[in-house]
Every structure is written in C-alpha cells, then in structure tokens.
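User: I am new to this structure and would be grateful for a close look at one part of it, namely the place where two helices pack against each other. Please begin with the residues that meet there and then follow the connections outward.

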Amino acid sequence: MDAKGRAAAPASRPLAPRGVGMDSLAVRAAMVRKIEAQGVRHAGVLAALGAVERHRFVDTALVNQAYEDTSLPIGLGQTISKPGVVARMIELLCQGHPEKLGRVLEIGTGCGYQAAVLSHVAREVYSIERLKGLHEKARENLRAFRLSNLHLLFGDGMVGYAKGAPYAGIIAAAGGNHIPDAWIDQLAVGGRLVAPAVTSAGRQNLVVVEKTATGVVRTELEAVLFVPLKSGVA
C-alpha cells in the first residue's frame, strides 16, 4: 500500500495497459485514421475524436478494446456506440456546417462519450439520460474533463428538453418505431436531427430529418442496430 492506502503496482508491470493513459494519443490517432478511411471527412469531427479519451468511458476490464471500432457494454443493458458510428452520426449532424454548431440536444447520454465528442463540435450541448445509474456514471466519467458547455440532464428523452429549444441539432443513441414529435418541434428551422428509427420496411435505419420553413425532409440511410428507445425514467 502507498501513503494513501492504494495498492502499489508490481515493478515488472506497466501501470496501465499499453495504448492507454500517456500512450493513448497515438492509439487515438490510429483510430481516427481508420475512421477517416471509412469515409468520415469533417475536420471538426475527426479532431474531436482525437481529443476525447475513449478509454475513460469504458470499464477497466474492457480498456484494451477502447480504441477498437466496436461497441462495448456499459451496464444496465446499454452500450457505448462504435466510434465509427459516433463519427458518422455527428458528421451527418454537422453537414453543411464547417464551423461549430449552435445548441445541440443528445438523447441518451449513456456513459458520456458521445456527449464529450459533441462538446467539441457545438457551442452548447444538452444531454439527457433516462437511467439514473448511467446518468450518474456519465457525470463521474466527465467530471475531469471540465466541459463548461455540456449540461447533463436526468429525464425522459422521448419528450426532449423544451427549455433548451430550439436546437441546431438533435442526435439520439436509441431507436424507436418513429421519431417523437417533440424532437421535431424542438428542432430549429435549418436544423438537423440524426437518429435510428424503424422504417416502413421494418428495419432499423439511420434517419436524417431536416427542418425547413415549409416542413421537414426525411432521409433514410444505412441499416444500424441501436438499443430500443424507451419512455419514462428508471
């Protein structure tokens, strides 16, 4: 034990798995290069992925997989999305905006990773989580980052967060049979919404909704697999 009661690491072992901690910058850079090779081109999104330490948002037992392009369990039946999917969705949100977005609403904070990435591409981010355990985990994960433009909320994401509306962008990390009307209502004219949703063919696809002065334009993209969108809090 050291002076603070912590177990000392054996001298023959590194203090952290290779590729995390002080070494994580190179590993994040490699992850970003792979995601760029997949087709993500938005400079702000790529820079944000390189800046946010994903290993701080996963359980210790999974830390060696933190920079792989894979989803990982975060508890309570939820997962942290693949970094490639996070990049794809945020790039869609930022499409047509090389500069920072205005205010953004995230539905489903989870462990807080995507919220941290969003904080680099938007001037202000509201992120809402319905599961108290995950809301608290995200708060703990994000505390050290000191992101003054990120606001974590505990509540029912199905109803959005009207107090922060209108939003330049809304992004969801869970998919339902339809996109809630509340989200459309809270989207600013000229804003974009990116979310998984079940299409008329019965499959879950990535959907982009653009709000114009005359209505909304919905575009269905590739198939995805997200956890179900649920109402209420737990």
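Analyst: In this predicted model, the packing of α3 and α4 brings P83, V86, I90, L93 and C94 of α3 against Y113, Q114, V117, L118 and V121 of α4. A pair of packed helices is described by the angle between their axes and the distance between the axes. For α3 and α4, the axes come within 11 Å and cross at roughly 35°. The crossing of α3 and α4 is right-handed.

A further helix adjoins this pair. The buried residues of α2, which are V45, L46, A48, L49 and G50, pack against α3 and α4 and also against α1 (24-37).

Within α4, which spans residues 113-121, one may look next at S119. This residue is buried, because its relative accessibility is 5% and the limit for a buried residue is under 20%. Leaving out residues up to four places away in sequence, S119 touches K100, V125, L147 and N149.

Y113, one of the α4 residues that meet α3, also belongs to an aromatic cluster with F57 and F145. The ring of Y113 has a charged partner as well: the charged end of R54 sits over it, 5.6 Å from the ring centre. A similar kind of arrangement is found for K132, which lies over the face of F154 at 4.7 Å from the ring centre.

The aromatic residues deserve a wider view. Four aromatic pairs are found in a search of the whole structure. One of them joins Y126 and Y167 in an edge-to-face arrangement, with 6.4 Å from centre to centre and 75° between the planes. Since Y126 belongs to strand β4 (residues 122-129) and Y167 to strand β6 (residues 167-172), the pair ties together parts that are 41 residues apart in sequence. Y126 and Y167 are both buried.

From α3, a charged contact leads to another part of the chain. Side chains of opposite charge can pair when their charged atoms come close. The structure holds seven salt bridges, and in one of them the side chains of E222 and R88 meet at 2.9 Å, N to O. This pair links distant parts of the chain, with E222 in strand β9 (residues 215-223) and R88 in helix α3 (residues 83-94), 134 residues apart. R88 counts as partly exposed because its relative accessibility is 28%. E222 is likewise partly exposed, its relative accessible area being 34%.

Another salt bridge joins the side chains of K137 and D59, at 3.9 Å from N to O. K137 lies in helix α5 (residues 132-143), whereas D59 lies in the loop between α2 (43-51) and β1 (72-75), so this bridge ties together parts that are 78 residues apart in sequence. With a relative accessibility of 27%, K137 counts as partly exposed. D59 is also partly exposed, at 36%.

A further salt bridge is formed by R192 and E210, whose closest N and O atoms are 3.3 Å apart. Because R192 lies in strand β7 (residues 187-198) and E210 in strand β8 (residues 204-212), the pair ties together parts that are 18 residues apart in sequence. The two partners may be considered in turn. R192 is buried, with a relative accessible area of 11%, whereas E210 is partly exposed, at 28%.

A last stop is W183, found in helix α6 (residues 181-186). At 1% relative accessibility, W183 counts as buried. Neighbours within four places in sequence aside, W183 is in contact with I107, G157, M158, V159, G160, I170, A172, L193, A195 and L229. The C-alpha atoms of W183 and I171 are 9.6 Å apart in space, and these residues are 12 apart in sequence.

To return to the starting point, α3 and α4 meet through residues that include I90 and V117. From this place, Y113 leads to the cluster with F57 and F145, and R88 of α3 leads to E222 of β9.

Technical notes
Residues are numbered from 1 along each chain as its sequence is written. This is a predicted model: local features need pLDDT of at least 70, side-chain atom pairs count only at pLDDT 80 or more; totals for chains, interfaces and linings use all residues. Side-chain values use heavy atoms; hydrogens and water are left out. Rings of Phe, Tyr and Trp (its six-membered ring) pair if their centres lie within 6.5 Å; planes under 30 degrees apart count as stacked, over 60 as edge-to-face and the rest as tilted. Helices (H or I, at least four residues) and strands (E, at least two) are DSSP runs, numbered from the N terminus. Buried means under 20% relative accessible area, exposed over 50%, partly exposed in between (1.4 Å probe, protein chains only). A charge sits over a ring if NZ of Lys or CZ of Arg is within 6 Å of the ring centre and within 35 degrees of the ring normal. A salt bridge is a side-chain nitrogen of Lys or Arg within 4 Å of a carboxyl oxygen of Asp or Glu. Contact means heavy atoms within 4.5 Å. Axes are lines fitted to C-alpha atoms, for helices over the stretch in contact, and angles run from 0 to 180 degrees between N-to-C directions. A crossing is left-handed if the near helix is turned anticlockwise from the far one by less than a right angle, and right-handed if clockwise.
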